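User: Hi! I'm new to reading protein structures and would love some company while I look at one. Can you walk me through it?

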Amino acid sequence: MASELDVRARLQRAGQEHLLRFCAELAPGPRAALLAQLEPLEPEALREHCRRAAAACARPPAPAPDLAARLRPLPPERVGSASGVAPQTRRLWEEEGFHQIALNKVAVLLLAGGQGTRLGVTYPKGMYQVGLPSQKTLYQLQAERIRRVEQLAGERYGTRCTVPWYIMTSEFTLGPTAKFFKEHDFFHLDPNDVVMFEQRMLPAVTFDGRAILEQKDKVAMAPDGNGGLYCALADHQVLEDMERRGVEFVHVYCVDNILVRLADPVFIGFCVLRGADCGAKVVEKASPEEPVGVVCQVDGVPQVVEYSEISPETARLRAPGGGLLYNAGNICNHFFTRDFLQMATREFEPLLKPHVAVKKVPYVDEQGNPVKPLEPNGIKMEKFVFDVLPFAKNFVAFQVLRGEEFSPLKNADSAETDNRSTARWALLAQHHRWALQAGAHFLDAHGARLPEQPSPPGSGEPPAICEISPLVSYSGEGLEVYLRGREFRSPLILDVDTARTLQA
Ligand SMILES: CC(=O)N[C@H]1[C@@H](OP(=O)(O)O)O[C@H](CO)[C@@H](O)[C@@H]1O
């Protein structure tokens, strides 16, 4: 363990010695904890971090004034579409994706280091359940989709295959996530194929460049953003693990989208056949104000411009056809080749510019009293996972249908959108649609037929409740054998056992 003297000398070099101002009065335990927290902070990096934060704060807030003039939509040749192509083309992409999965060349990587502040929970978002009849959590849905996609690929190619699941956590989420997976027996995945690793934390900084003490014995730290991925991959030799397993293609996604298609064979196949090193799934933006990044070009180079960094005027611009000019909403589903990730960790990461978020950060005042600020007082610096896109040699975007693939859980129920109810409805509406397409009919409690029009996205609870286990169907496939021409009382939970009974 580092001595106080040692840590003090390092902090002096970083210009952050004030972090030890209560050290003398701390009991041995808390003092050791504080020193342990401070020890890993590299003096030069800490100095630079605090300087950058203060400098960024001194500039006028985003968006950059000249951004609008440098922005263009992506050229159509860079964009593929899951729904707008001939079925045989889609099948070709899907087949290629399954083939790569069957060859054990595909992994999924979950970004799960966030704190769920907007959602208002103190535990990792993946442990949240939105009130489905099955009470499954986001983690369970994701685990089951992995199992199903492995099964589908395995059946097609007569092999047993594995899609390893890499999970990037943070100091906040690693402990509870690991415990949750153990308690749930890794949702019947092989624990060797679930690899958790931790992203780094960075101190929150005041507007004048001083790292903030949250308690006398604790620095206010925040995860370094989902772009912390690249440092974390290097810190924990994750790419070496991928190489050992023969993984070539990685589907990176964020935890909160209840409809996420893990290792989506169509997306993977599209990217592989296009020879892409880097890809992003997009949906049509729901409105100019929707808080999603836009995939576009800046100075002719593909990039995501985050919702917090585009001006409302630019977001509202219309294309000649009447739709939004910047319509490609980023759903935080990315494709990377392992080679590209290798270069990202070695070469591109140091070039990524951190983004600034001004936040209310609890602190201790000069007397050591804890203060909960009412106004923003601190800066958190984050890197974004998509900021490596401009380095891609061959970037492609892939447009998918919102109702099939995107319903994020961001907010508490008091918000109008992207909350627990909208996520639950999106999944139930999708499964209702799949069941109708497979020829099912639904009855109410009195035995009367329920309406058979699939409800449009965003229209609340579907007329019949039907939840289909991802272990039974990944994207609506294979349901006819259980459902065609049959009547079911709502609610129907089509899990593996029910499916077996129906088939018999
Ligand atoms: C840094 C980053 O990845 N931001 C993403 C991410 O936003 P958050 O508000 O950070 O959850 O997910 C959005 C989709 O849900 C996507 O549109 C956006 O660009």
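Analyst: Happy to! Let's begin with a term: a residue is called buried when its relative accessible area is under 20%, exposed when it is over 50%, and partly exposed in between. Also keep in mind that this is a predicted model.

User: Okay, so how many residues of β12 are buried?

Analyst: In β12, 6 of the 7 residues are buried, so the strand is largely enclosed by the rest of the structure.

User: Which strands does β12 pair with?

Analyst: One partner is β15, which pairs with β12 in the antiparallel sense over 6 bridges. Another is β20, residues 395-399, and here the pairing is parallel, over 5 bridges.

User: What actually holds paired strands together?

Analyst: Strands of a sheet pair through backbone hydrogen bonds, and they can be parallel or antiparallel.

User: Which residues should I click on to see those pairings?

Analyst: For the β15 side, try Val 283, which stands opposite Gly 329. For the β20 side, look at Lys 281, which has Phe 398 opposite.

User: Does Lys 281 have a charged partner too? What does its side chain meet in a salt bridge?

Analyst: The side chain of Lys 281 meets that of Glu 405 in a salt bridge, at 2.5 Å from N to O. Glu 405 lies in helix α13 (residues 402-405) and Lys 281 in strand β12, so the pair ties together parts that are 124 residues apart in sequence.

User: Are those two buried or exposed?

Analyst: Both Glu 405 and Lys 281 are buried. They also belong to a network of salt bridges that links Arg 261, Asp 264, Lys 281, Glu 404, Glu 405 and Arg 433.

User: How many salt bridges does the structure hold?

Analyst: There are 31. One of them joins Glu 248 and Arg 338, at 3.5 Å from N to O. Glu 248 sits in the loop between α9 and β11 while Arg 338 is in helix α12, so this pair connects parts that are 90 residues apart in sequence.

User: And are Glu 248 and Arg 338 buried, exposed or partly exposed?

Analyst: Glu 248 counts as partly exposed because its relative accessibility is 27%. Arg 338 has a relative accessible area of 9%, so it is buried.

User: Which other residues of α12 are buried?

Analyst: Besides Arg 338, the buried residues of this helix (338-348) are Phe 340, Leu 341, Gln 342, Ala 344, Thr 345 and Phe 348.

User: What covers them?

Analyst: The cover includes α8 (229-235), α9 (238-245), β11 (249-254), β12 (278-284) and β15 (328-337). You'll recognise β12 from the start of our chat.

User: New topic! What is the strand order in the open sheet of 3 strands?

Analyst: The order is β7-β19-β16, and the pairing is antiparallel. The edge strands are β7 (205-206) and β16 (355-359), each of which pairs on one side only. Between β7 and β19 (residues 378-382) there are 2 bridges, and Val 205 has Ile 379 as its bridge partner.

User: Which helix lies across that sheet?

Analyst: Helix α3 (residues 43-58) lies across β7, β16 and β19, and it runs at about 110° to β19.

User: Which residues make the nonpolar surface patch?

Analyst: Phe 207, Val 356 and Val 358 form a patch of about 230 Å². Val 358 is in strand β16, and it counts as partly exposed because its relative accessibility is 46%.

User: Any backbone oddities? Where is the cis peptide bond?

Analyst: A cis peptide bond joins Ser 490 and Pro 491, with omega at about 5°. Pro 491 belongs to the loop between β23 (487-489) and β24 (492-494).

User: And which residues have a positive phi without being glycine?

Analyst: Asp 299 is one of them, with a phi of about 50°, and it lies in the loop between β13 (294-298) and β14 (301-305). Asp 418 is another, with phi near 50°. Asp 418 is in the loop between α13 and α14 (420-437), and at 15% relative accessibility it counts as buried.

User: Thanks, that gives me plenty to click on!

Key: Residues numbered from 1 in each chain as written. Predicted model: local features only at pLDDT ≥ 70, side-chain atom pairs only at ≥ 80, totals over all residues. Heavy atoms only, no water. Pairing = 2+ DSSP bridges. Helix = DSSP H or I, 4+ residues; strand = E, 2+ residues; numbered from the N terminus. Contact = heavy atoms within 4.5 Å. Axes fitted to C-alpha atoms, helices over the stretch in contact; angles between N-to-C directions. Patch = residues over 30% accessible without salt bridge, like charges linked within 9 Å, V, L, I, M, F, W, Y side chains within 5 Å. Areas by Shrake-Rupley, 256 points an atom, 1.4 Å probe, with all protein chains shown as cover. Salt bridge = Lys/Arg side-chain N within 4 Å of Asp/Glu carboxyl O. Buried < 20%, exposed > 50% of the residue type's maximum accessible area, 1.4 Å probe, protein only.
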